[in-house]
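This report examines one protein model, with attention to its domains, its nonpolar core, its charged pairs and its surface. Please consult the sequence and the coordinates shown here alongside the text.

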Amino acid sequence: MSERIRVGLVGTGRIGQIHARTLTQMVDSVELAVLTDVNQESARACAAACGVPKVVGDYRALLDDSTLQAVVICSSTDTHAPFIVQAAQAGKHIFCEKPIAADLDKIDAALDAVERAGVRLMVAFNRRFDANHQRIKKAIDSGEIGTPHRLHVVSRDPSPPPIDYIRVSGGLFFDMTIHDFDMARFLLGDVDEVYAAGGVLVDPRIGEAGDIDTAVVTLKFKNGALGTIENSRQAVYGYDQRVEVFGSKGAARSDNLYPNAVTISTGQSVARDLPLNFFLERYLDSYRTEMEAFIRSLADGAPMPVTGFDGRAPVVIAMAALTSCRENRPVKIAEIG
Ligand SMILES: NC(=O)c1ccc[n+]([C@@H]2O[C@H](COP(=O)([O-])OP(=O)(O)OC[C@H]3O[C@@H](n4cnc5c(N)ncnc54)[C@H](O)[C@@H]3O)[C@@H](O)[C@H]2O)c1
């Protein structure tokens with residue numbers, strides 16, 4: 001397809017700015033034509049920084065633009081499901097940030113609207129597009145490491161988001177661990193049972209907002225493999241993103257990425273600089289490759305690489321984790337739905 005696909009973007013916060021930059025500077029065959037945000041100042045600043053020609057007052061106005069073929073939803077989590085429904089009804093294809101919602105009725109209504117309208121939906125699980133995670137997946141799929149027995153994911157943020165973000169995020173399992181639940185499915189397939197423990201060890205205000213900031217999750221996969229996920233909202237040394245799959249013929253492990261490959265050796269220590277600090281630095285390439293995949297699927301009609309079902313499934317795991325954590329017991333995925 002030679003014509004550029006025209007898209008609009010809603011939500012010009014942290015991730016919206018990344019996608020706006022990716023769409024305008026890194027991905028061909030797409031034109032980011034319109035931005036909106038309830039914070040109009042933020043939308044105007046993003047438009048100026050990225051060279052987007054138009055800012056509109058609200059999402060409705062964006063959907064009313066008949067020249068747009070697709071929307072990129074980067075607003076707060078509580079807006080995703082209603083925004084998907086409205087976009088589908090307006091006949092726009094949709095790229096939506098994770099998670100779709102923390103509520104299965106809302107997710108199912110959104111997926112139903114997409115199906116009825118015959119539009120395409122991709123849910124933004126960018127880590128699938130990271131070169132390290134892709135290599136681990138290849139090591140599993142090719143049989144290089146034999147039958148997988150164990151998955152271990154370490155996923156820690158350098159610092160917690162603002163409390164206002166936490167309040168509309170859906171909670172740690174839906175906001176943060178959701179990436180790791182998706183990674184677990186991506187690498188080892190369907191999960192059968194979840195056992196989770198959580199605590200408030202980083203910031204008591206997170207507990208006052210009804211959330212946790214630290215978690216350990218045990219997964220039993222349908223294929224018999226076992227998984228563990230470890231989360232913290234605060235790692236003082238930076239973004240800690242490591243994955244290991246251990247199998248009958250070996251193991252595949254990814255480490256953190258660093259700004260350089262230098263070690264400084266002295267009479268006292270052998271040291272190196274801290275890892276890349278957060279998602280913007282660590283996953284920048286993956287944001288580009290996931291957006292390229294979305295635009296390519298729209299252009300050639302190929303299946304979306306991350307579907308609406310892929311958006312729903314980790315939410316079910318997150319619900320099982322929340323139930324497990326609250327009731328202090330293992331929870332079967334089948335119990336949730
Ligand atoms: N895939 C990733 O790596 C990744 C990283 C960060 C955030 N996210 C997801 O992206 C979403 C946004 O996260 P963020 O960190 O950018 O948050 P943020 O708070 O920085 O930005 C959200 C933006 O949405 C705007 N907004 C809220 N309600 C709106 C509405 N009704 N209409 C228009 N604009 C509205 C806010 O004004 C704000 O500018 C969340 O769902 C989060 O889970 C994904």
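Contact, as the word is used below, means heavy atoms within 4.5 Å. The model is predicted.

## Domain arrangement

The chain is divided into domain 1, covering 5–119, and domain 2, covering 128–282 + 314–336. Between the C-alpha centres of domain 1 and domain 2 the distance is 27 Å. On the side of domain 1 the contact takes 13 residues, and on the side of domain 2 it takes 16 residues.

## Nonpolar core

The largest nonpolar core holds 101 residues, and the members that touch the most others are Ile94, Phe173, Leu187 and Leu219. Helix α9, residues 177–188, gives the most to this core, contributing seven residues. Both domain 1 (5–119) and domain 2 (128–282 + 314–336) are represented, each supplying at least three residues to this core.

The surroundings of Leu219 can be listed in detail. With neighbours within four places in sequence left aside, Leu219 is in contact with Phe181, Ala184, Val191, Glu193, Val194, Ala225, Leu226, Gly227, Ile229 and Ile317.

## Salt bridges

Side chains of opposite charge can pair when their charged atoms come close. Across the whole structure, a search finds 27 salt bridges. Three of the pairs are described here, followed by a network.

Asp112 and Arg116 form a salt bridge whose closest N and O atoms are 2.9 Å apart. Both residues belong to helix α5 (residues 104–117), and because they are four residues apart there, about one helical turn separates them. Asp112 counts as partly exposed, at 35% relative accessibility, whereas Arg116 is exposed, with a relative accessible area of 71%.

A second pair joins Arg156 to Asp240, with the closest N and O atoms 2.7 Å apart. Arg156 lies in strand β7 (residues 148–156) and Asp240 in strand β11 (residues 240–247), so this salt bridge ties together parts that are 84 residues apart in sequence. Arg156 counts as buried because its relative accessibility is 15%, under the 20% limit for that class. Asp240 is buried as well, with a relative accessible area of 1%.

In a third pair, the side chains of Arg185 and Asp310 meet in a salt bridge at 3.2 Å, N to O. Arg185 lies in helix α9 and Asp310 in helix α13 (residues 308–327); the pair therefore ties together parts that are 125 residues apart in sequence. Arg185 counts as buried at 13% relative accessibility, and Asp310 is buried with a relative accessible area of 12%. Beyond these pairs, Lys98, Asp157, Asp175 and Arg233 are joined into one network by salt bridges that share partners.

## Surface patch

Val236, Tyr237 and Leu274 form a nonpolar patch on the surface. Together, these three residues have about 320 Å² of accessible area.

Where in the chain does Leu274 have its place? Leu274 is in the loop between β14 (270–271) and α11 (279–282). Leu274 counts as exposed because its relative accessibility is 52%, and the exposed class begins over 50%.

Note on methods
Residues numbered from 1 in each chain as written. Predicted model: local features only at pLDDT ≥ 70, side-chain atom pairs only at ≥ 80, totals over all residues. Heavy atoms only, no water. Patch = residues over 30% accessible without salt bridge, like charges linked within 9 Å, V, L, I, M, F, W, Y side chains within 5 Å. Areas by Shrake-Rupley, 256 points an atom, 1.4 Å probe, with all protein chains shown as cover. Salt bridge = Lys/Arg side-chain N within 4 Å of Asp/Glu carboxyl O. Helix = DSSP H or I, 4+ residues; strand = E, 2+ residues; numbered from the N terminus. Buried < 20%, exposed > 50% of the residue type's maximum accessible area, 1.4 Å probe, protein only. Core = buried A, V, L, I, M, F, W, Y, C linked by side-chain atoms within 4.5 Å. Domains from an automatic or database assignment.
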